Amino acid sequence: MTQVTRLPRALRPFESGQYRLLILALASSLLSAGAWIVAAVWQVVELGGSPVDLSFVAVGSSLGLVLAVLFGGVAADRIPQRRILFTVEVVRGAGFAVAAALAFGGIIEVWHIAVIAFVLGVADGFFYPAYSAWLPAILPGEQLLAANGVEGVLRPSVMNAAGPALASALIAVHSPALAFAVVAGLQLIAAGVLRMMRLTAVRRDLDEATVHPFRQTFIDLRGGFVYLLQTKWLLATLVFAIVLVFLIMGPIEVLLPFAVKDQTGGGAGAFALALAAFGVGGAVGSLAVASIKVPRRYLTLMILAWGFGCVPLAILGATSLLWVMIVALFLVGFLFSAAQVLWGTLLQRRVPPAMLGRVSSLDFFVSLALMPVSMAVAGPVGEAIGLMPAFLIAGLVPPVLALATLALARLGKDELAHPLDAEMDPTTVTGAEAAAGFEAPVDEAASPPER
């Protein structure tokens, strides 16, 4: 028996040297992203900002992501993903460096932070589709659940726990400016590690150019939308996600810092601790899912975890105890990350490789389309009705939406017909006819007819 088979299921992807480099780069990038969140929030607070000002900054980030992510998906299906990720890390490092220079110079303003956040959002719009499309080219299909679990552990534990803790320590030592400077340095590490990795071929049969590249971009976008509309499980999940994001992202991103400050009397350290609880919960949930086989009822469990995972949010606006907030956010993080690991594996196993970049970008675009709206209205709504009603809505409506989605879309029938542990041909590509909408997507062509 080899060492590979003796490794725990959740650790088997680390047998690949390329994967180890990718995870090192991802960890460095996530650490800087988590530190940026707290540093940017507390820079706004130190400038005397209100919830409306924080909404302005949050909208900048999410708007950049939504505007760029579709084009990021097209790029991920046509350009070697390593080049995209390297460019993204360089751009993010430059943004953090500009923030540091402005803050050290004492001339930073809220609108500066919003503009930088917009640029970072644009960069993230290219990062996520490229990463999702690259991972199946590095690892075998049976290791994707574990790899998504590893990312699920890193994202909350590093971005939501270690990153905020690092930022709060640097703010306590000096100011948000120091945190901005440190995260800029972390981006250099991420870019350097990615530079060491090998390029992999784009898993798509690219036709010889017969139209202008600008026009071809929109043809590719159309192909992604056609696949979305023809694929019931994908469409139903993203419709659920877009409403869910609208309900919860504004309260979490905009109102939580003020709930911590006003209800518990905490500062940057308390806010970082609250985010850390969410992160630790997410890490535990991701590790739990990564350590098991793909569940048979993966769609049902995923939707229910997202919906009922919001219930603890209902108490955030009512409690003045920091430890209660910490427990609630731990539970939310656990269930959300567990569901996210299943979702990432679902996309990588059921979407044809040639479409994965675009479908991943559509996932972010459709599910996050209302994020800027949620963040824009969260501040005014929180001031108008109070924090308690805002968090009650965020906590109690999603479970009802989850049950309605499962019932109306009949996702249980779909998941039984398409087990995720079935083998998929890694050479499968989607040709020009399917991309243009004249043929059914590869995955759905073999599906049993509806009765």
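In this predicted model, the chain has an average pLDDT of 79, and 86% of the residues reach a score of at least 70. The stretch formed by residues 424–451 has a pLDDT below 50, although in the model it still has 50 contacts beyond near neighbours in sequence.

The largest nonpolar core contains 100 residues, and the members that touch the most other members are Trp36, Trp233, Leu234, Ile248, Met302, Trp306 and Trp343. Among the contributors to this core, helix 9, which spans residues 232–264, gives the most, with 16 residues. A second core, separate from the largest one, is made up of 37 residues, including Leu21, Leu22, Leu30 and Val150.

The surroundings of Trp306, one of the residues named above for the largest core, can be described in further detail. When residues up to four places away in sequence are not counted, Trp306 touches Thr237, Phe240 and Leu244, and also Phe336, Ala339, Gln340 and Trp343.

A polar residue, Gln187, was also examined, and its place is in helix 7, which runs over residues 176–196. Gln187 counts as buried because its relative accessibility is 1%, whereas the cut-off for a buried residue is under 20%. With neighbours within four places in sequence left aside, Gln187 is in contact with Ser28, Ser29 and Ser32, as well as with Glu89, Arg92, Gly93 and Phe96. For one of these partners, Ser32, the side chain is joined to that of Gln187 by a polar contact of 2.3 Å.

Methods:
Residues numbered from 1 in each chain as written. Predicted model: local features only at pLDDT ≥ 70, side-chain atom pairs only at ≥ 80, totals over all residues. Heavy atoms only, no water. Helix = DSSP H or I, 4+ residues; strand = E, 2+ residues; numbered from the N terminus. Buried < 20%, exposed > 50% of the residue type's maximum accessible area, 1.4 Å probe, protein only. Polar contact = N/O pair within 3.5 Å; in protein donor to acceptor, adjacent residues only side chain to side chain. Contact = heavy atoms within 4.5 Å. pLDDT = per-residue confidence, 0-100. Core = buried A, V, L, I, M, F, W, Y, C linked by side-chain atoms within 4.5 Å.
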